[in-house]
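I opened the notebook to record how the helices pack and how the chains meet. The entries follow the order in which I looked things up.

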Amino acid sequence: MALRPGTVLYHLREAGLSIIRNGWLALASTGVVTVALLIFGGSLLFVLNTHHVIGDIESKVEISVFLKSDVSPRDVEALGTRLQQRPEVAEVRFISKEEALQIVKQDLGDKADLLAGMEKDNPLPDTYRVRTHHADQVAALAAEVATWPGVEQVRYGQEVVERLLAVTRWARLVGAGAMFFLAGAAVFLIATTIRLSVYARRREISIMKMLGATNWFVRSPFLLEGVILGLTGGLVAVGLTMAGYFPLVSVLESALPFFRLVSERQVLLPVFGGLVLFGLILGTLGSFISVHRFLKV
Amino acid sequence: MLQLYNVTKIYPNSIPALLDVSLRIQRGEFVFLVGPSGAGKTTLTKLILREELPTRGQILFNGKSITRLRPSEVPYLRRRIGVIFQDFRLLPNKTAYENVAFALEVTGASRREIRRAVPAVLARVGLADRAHLFPAQLSGGEQQRVCVARAIVNNPLLLIADEPTGNLDPENSWQLMRLFEEINRGGTTILMATHAWDIVDQMKKRVVALSHGRIVRDEQEGAYGYGA
């Protein structure tokens, strides 16, 4: 059947009338689509931002190699050379125990006198700060250096990174679970709405069949109704997410300048586009189920 | 144009609705289908419209097997058959004009075609001045004529009427019959299932009588007969 403008208009009008007639149920199913997509969008943005932060941290990760206190100055120097000769190492910086104490004092500021007298018996170790070319070389290098003689302990941003990754894993799991559940509820509600539409118009449907309407002609208004419900839910969810996210970005930018949220358009646009598309899919799925179960044509 | 070969229809857990029915209707014929309630008249119309499939037997419409149609072909069969019911089956929220236009809309006709065809067919059934009234504002006879307009607006080969005068007074019934005769003169084949013996007796058309699912009589210029 050719898609004439008149036919498309007819289907759209019928779908619109049905939505108005279904009123509250249409509102409820749109609402559930919205909530499901809000949760989806929220967790997506959360995961996106945590990964952004992790990338930030990893690029700044230095390995701190703390040396044993009984290592001779010559061995200290040898260790430094050995580190520098590694191909994955980009930069090696030596921080003597005296420098380390200065740094701690600076950090303490006006409470520096707490450390008075420490110069004589400095408990801090000599340290090498090592940077690698790539973040993924950090863990392997750190593990190897820890076995070298004269090395007391090796530390790097591992803990922070792993904690953040654990958080994103949870966020993903909870987000996916909640979304899965709500998406199911949304599909069910849309299917129910469409089922009521079919029921309300069963007389009209039987007349259409008698007059020789094709299956697609009979089904189209109902499919369209579901698509409109899902699409509306998706658009509302995107609107709410944008209304919440962008103020958050600017607030954080002024309050915590070093903690920057993702705000690039090319990253966010697919997220928002995906939400709308997902709403569309939920709506189509719901109406498809109902049309095939309750509209035997 | 319409041929039935040894058609049997048995609904589950029931006695046969049609038993070994063979019937041949030529193009342009006017056929009354008579018989008591439960004789199988409605089942026969359902089989022709492919609302039901026969349990056994073969039905040809315009040279094509109805029983072997793919589901996607059924709508195109129905567009070539106009149907009229005792209870009208008009959409109450559409005007007479819109109800007739609906038959064209579902076939994907253009607005121009609709604007051309609908007034013409409404004039043909004598409702040109009632086009914009709703079914509730029309008399029974007028409503049935809207149904006739809706049934013939697609220029069907066959017009099936299932007790079309069942809800009409004698005057309106006769008016409808004159309309049917005129449509029949235009070349449309008419198959009318009815209880109205007076109409059948006076029209002197072919009469096919069904009883207990079998054809018991088939005569040209027949009467309702047997005081049934």
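These notes cover three helix pairs and one interface, all in a predicted model.

**Entry 1: α3 and α5 in chain B**

I began with helix α3 (residues 96-105) of chain B and helix α5 (residues 140-152) of chain B, whose axes come within 8 Å. I noted a crossing angle of roughly 25°. Angles under 35 degrees count as roughly parallel, so I put α3(B) down as roughly parallel to α5(B). The crossing in which α3(B) passes α5(B) is right-handed.

I then looked up which residues touch. From α3(B) I listed Ala96(B), Asn99(B), Val100(B) and Ala103(B). They meet Val146(B), Ala149(B) and Arg150(B) in α5(B). By class, I sorted the residues of this contact into five nonpolar, one polar and one charged.

**Entry 2: α5 and α6 in chain B**

I stayed with α5(B) and turned to its packing against helix α6 (residues 170-185) of chain B. Here the angle is about 15° and the axes are 10 Å apart. I therefore recorded α5(B) and α6(B) as roughly parallel to each other. Their crossing is right-handed.

On the α5(B) side, I wrote down Gly141(B), Gln144(B), Arg145(B), Val148(B) and Ile152(B). On the α6(B) side, I found Asn172(B), Gln175(B), Leu176(B), Leu179(B), Phe180(B) and Ile183(B). The residues of this contact divide into six nonpolar, four polar and one charged.

**Entry 3: α8 and α9 in chain A**

Next I moved to chain A, where helix α8 (residues 215-255) packs with helix α9 (residues 265-294). I noted axes 7 Å apart and an angle of about 150°. Angles over 145 degrees count as roughly antiparallel, so α8(A) is roughly antiparallel to α9(A). I marked the way α8(A) passes α9(A) as a right-handed crossing. In the contact of α8(A) with α9(A), I have 17 nonpolar, nine polar and one charged residues.

**Entry 4: chain A against chain B**

How many residues does the contact take from chain A and from chain B? I wrote down 15 residues from chain A and 21 residues from chain B.

The size of an interface is often given as the accessible area lost when the parts come together. I looked that up too: the area buried between chain A and chain B is about 1,800 Å². Carbon and sulfur atoms give 62% of that area. Last, I checked for salt bridges across the interface of chain A and chain B, and the rule finds zero.

Note on methods:
Residues numbered from 1 in each chain as written. Chains lettered and ligands numbered in written order. Predicted model: local features only at pLDDT ≥ 70, side-chain atom pairs only at ≥ 80, totals over all residues. Heavy atoms only, no water. Axes fitted to C-alpha atoms, helices over the stretch in contact; angles between N-to-C directions. Helix = DSSP H or I, 4+ residues; strand = E, 2+ residues; numbered from the N terminus. Parallel < 35°, antiparallel > 145°, perpendicular 65-115°, else oblique. Left-handed = near helix turned anticlockwise from the far one by under 90°. Contact = heavy atoms within 4.5 Å. Nonpolar A, V, L, I, M, F, W, Y, C, P; charged D, E, K, R; others polar. Buried area = accessible area lost by both parts, 1.4 Å probe. Salt bridge = Lys/Arg side-chain N within 4 Å of Asp/Glu carboxyl O.
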